[in-house]
Amino acid sequence: MQESNPATIHGQGSPETGSPAAGPSGQEDRNQRYWFHILAQNSPAARNLHAARLVDKAWRQGDRVCIVCDTARHAEELDDLLWSFSPDAFIPHSVVPDSATTCPDPVGILLCPPVAEDWDTVIILSATLPPDADRFKRLALVAHNDPNVLNQARSHFKQLRTLGIEPRVHDQRKRG
């Protein structure tokens with residue numbers, strides 16, 4: 001059972017939207033590369049699982065994917081989850097503790113800001129949005145229904161707007 005359709009990480013049914021080769025052809029295409037996923041659940045575990053599903057979907061489509069988090073403990077939780085969240089999933093990944101470390105795998109769990117040229121899809125679970133967030137090919141922010149996390153997500157949303165990006169919002173709290 002999925003919490004939402006992770007295929008939305010690449011747009012609504014358009015193979016060109018968000019494609020590295022296609023590039024942005026206008027503001028609408030550019031905005032379709034940025035998503036906010038707001039979960040109905042209020043647990044960090046639900047947020048991690050949703051991020052893992054997004055990673056799996058993007059990786060299976062050939063992307064280099066990273067998840068940005070703040071603490072070594074969170075990175076360890078994500079590392080364990082990527083090995084076990086699905087019986088048929090095998091996602092080659094590494095934890096990247098600092099910007100001096102190169103990720104040898106197609107998926108990285110970063111404890112440092114991502115470099116736009118290194119990743120096709122960036123999933124933000126961290127408290128800070130990278131200052132060059134407008135340079136990423138695709139960016140997904142995942143928030144669970146917790147007041148502190150939602151305030152953080154609002155801050156990220158405002159930062160993206162300042163960069164001229166109007167992210168698409170997938171708010172699962174509105175589902176009945």
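## Strand 1 and its partners

In this predicted model, W35 of strand 1 has A140 of strand 6 as its bridge partner, strands being DSSP runs (E, at least two residues, just as helices are runs of H or I with at least four residues) that are numbered from the N terminus. Strand 1 and strand 6 run parallel and are joined by 5 bridges, where pairing requires that DSSP finds at least two bridges between two strands. Strand 1 is also joined to strand 7 by 4 bridges, again in parallel, and within this pair F36 has V169 of strand 7 as its bridge partner.

Strand 1, covering residues 34–38, has 5 of its 5 residues buried, that is, under 20% relative accessible area, against over 50% for exposed and in between for partly exposed (1.4 Å probe, protein chains only). Buried residues lie on both of its faces, with Y34, F36 and I38 on one side and W35 and H37 on the other.

## The sheet as a whole

The open sheet consists of 7 strands in the order 3-4-2-5-6-1-7, with parallel pairing. Because strand 3 (93–96) and strand 7 (168–171) stand at the edges with a single partner strand each, one side of each has no neighbour in the sheet.

Strand 5 (residues 121–124) and strand 6 (residues 138–143) pair in the parallel sense over 4 bridges, and R138 of strand 6 is the bridge partner of T121.

## Basis of the values

Residues are numbered from 1 along each chain as its sequence is written, and side-chain values use heavy atoms, without hydrogens and water. Because the model is predicted, local features need pLDDT of at least 70 and side-chain atom pairs count only at pLDDT 80 or more, whereas totals for chains, interfaces and linings use all residues.
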